[in-house]
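Take a moment to look over the whole chain before turning to its parts. The paragraphs that follow start with the overall picture, move on to some paired strands, and end with the interior and the surface.

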Amino acid sequence: MAPPQKVQSGPSQLEPLLSESDVVAGCLPQRRALKGCQSIVNCEEVRPYSFWLELIQARAFQDAQLQTPAFNASVGGGVLGFDGRIGEEVQAGLGMAYTFTHIHEKQDSGASDLHQEYAFLYATWSDQQMYVDLACWGGAMQIHQVRNISMTGWNFVSTSSVGGWQLAPHFEAGADYIPNKECLGLLEASAHWSANPFVMLDWISAWQERYEEKGSSPFNVAQKAHYSSFLRTEIGLRFYEPITFQTWRLVFEEKASFVNKTPFGVGKVSAYLVGSPGSFTVETLTQPQNLGAVEFGIIMEPIDHKYPYGSLSYQGEFTTSSQLHQATLELSLDF
């Protein structure tokens with residue numbers, strides 16, 4: 001007879017939010033990094049409006065914490081946006097996004113599927129030396145979870161479906177540094193390498209509706225509506241190295257940064273067994289995480305902006321207990 005497995009005594013709907021929200025909340029078009037370069041390259045025709053599309057694929061790995069088993073998360077989705085210039089220094093836009101996340105919990109503890117739909121607004125101010133990015137994401141989420149409970153001689157399956165809402169304001173500020181810029185002409189500066197120190201904040205707030213598990217198990221769990229939030233802080237440095245050809249330009253991007261992820265209102269959740277008058281406390285992800293992050297990207301941009309352009313990038317976040325790998329493909333068209 002197999003040894004008994006630990007009964008997971010509470011819901012884990014909140015953990016998928018932590019792995020997916022930092023994939024999406026900070027996702028703005030890669031083109032912002034080139035705004036300074038674009039403005040100093042003379043174009044035959046001014047094209048102040050852009051359509052852009054981002055495709056996202058990510059994988060996350062998290063070790064066990066307290067009563068939360070280790071899990072792997074797979075994320076896929078897309079972001080569609082439209083923006084335009086307001087004067088010489090401001091660009092603003094709006095868009096929508098959809099992501100699907102599948103969570104596989106280790107030790108055969110169960111699985112979750114998470115659908116999220118977003119709408120967002122954003123704006124960028126830049127004076128060729130400093131910039132500020134602001135954005136706000138909001139949307140709905142639907143979660144379906146299967147929870148396996150194994151004890152000596154007994155196996156139970158509980159299922160649940162729950163909805164909720166998310167709000168995620170985003171802030172980034174930084175500077176664009178080109179060495180010896182004052183000694184370079186406009187075209188020479190656009191072809192020179194540059195550095196971009198920055199700081200970024202994402203604050204994700206989630207409102208989860210009440211839910212109740214169903215199934216043959218005597219350990220079906222219910223939980224009242226719950227609010228939690230999650231702060232992601234990043235500080236780092238990007239580098240850009242452009243290579244200009246006759247009709248197009250190739251820009252290589254590298255980033256190294258420090259990331260802190262701090263949950264609020266997530267660690268201890270009050271739940272109760274269906275049909276039971278009492279309640280108990282479930283402890284999930286409680287500790288802040290400090291991670292190192294790296295990013296590598298390639299930006300392909302035609303000199304004449306009547307042609308589409310795009311970028312391909314990879315970002316990884318690493319700590320001793322978790323990993324996040326994200327690949328992003330962006331396609332854009334000015335008109």
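Three helices and 17 strands can be traced in this protein, and it should be kept in mind throughout that the model is predicted. Of the 335 residues in the protein, 49% are buried. If we consider the contacts between residues at least 6 apart in sequence, 69% of them join residues at least 24 apart. The accessible surface of the protein amounts to about 15,600 Å², and carbon and sulfur atoms account for 65% of that area.

A good place to begin following the chain is strand 4, residues 110–126, which runs antiparallel to strand 5 and is joined to strand 5 by 17 bridges. These two strands form a hairpin with three residues between them, and in this hairpin Q128 takes a positive phi near 80°. Within the pairing, F120 stands opposite W137 of strand 5, and both of these residues will return when we come to the core.

Strand 5, which covers residues 130–151, also pairs with strand 6, residues 154–175, in an antiparallel arrangement with 22 bridges. Here C136 stands opposite P169, a residue of strand 6. The hairpin made by strand 5 and strand 6 has two residues between the strands, and G153, which lies in the turn, has a positive phi of about 85°.

Now consider the interior. In soluble globular proteins, nonpolar side chains tend to be buried together. The largest nonpolar core of this protein has 13 residues, and those with the most contacts inside it are C27, W52, V79, A97, F120, Y122 and W137. Strand 1, strand 4 and strand 5 each supply at least two residues of this core, while the largest share, three residues, comes from strand 4.

Nonpolar side chains are also found on the surface, where L53, L55, L80, M96, L312, L329 and L331 form a nonpolar patch with about 620 Å² of accessible area together. Strand 1, residues 49–62, and strand 17, residues 322–334, each supply at least two residues of this patch. Strand 1 therefore deserves a second look, because it supplies at least two residues to the core and at least two to the patch, and in a regular strand the side chains alternate between the two faces of the sheet.

How is L329, a member of the patch, classed by its relative accessibility? This residue, found in strand 17, has a relative accessibility of 34%, so L329 counts as partly exposed, a class that lies between buried, under 20%, and exposed, over 50%.

Note on methods. Residues are numbered from 1 along each chain as its sequence is written. This is a predicted model: local features need pLDDT of at least 70, side-chain atom pairs count only at pLDDT 80 or more; totals for chains, interfaces and linings use all residues. Side-chain values use heavy atoms; hydrogens and water are left out. Patches are made of residues with over 30% relative accessible area and no salt bridge: like charges are joined within 9 Å, nonpolar side chains (Val, Leu, Ile, Met, Phe, Trp, Tyr) within 5 Å. Accessible areas come from the Shrake-Rupley method with a 1.4 Å probe; for residues, only the protein chains shown count as cover. A salt bridge is a side-chain nitrogen of Lys or Arg within 4 Å of a carboxyl oxygen of Asp or Glu. Helices (H or I, at least four residues) and strands (E, at least two) are DSSP runs, numbered from the N terminus. Buried means under 20% relative accessible area, exposed over 50%, partly exposed in between (1.4 Å probe, protein chains only). A nonpolar core is a set of buried Ala, Val, Leu, Ile, Met, Phe, Trp, Tyr and Cys residues joined through side-chain atoms within 4.5 Å. Contact means heavy atoms within 4.5 Å. Two strands pair if DSSP finds at least two bridges between them.
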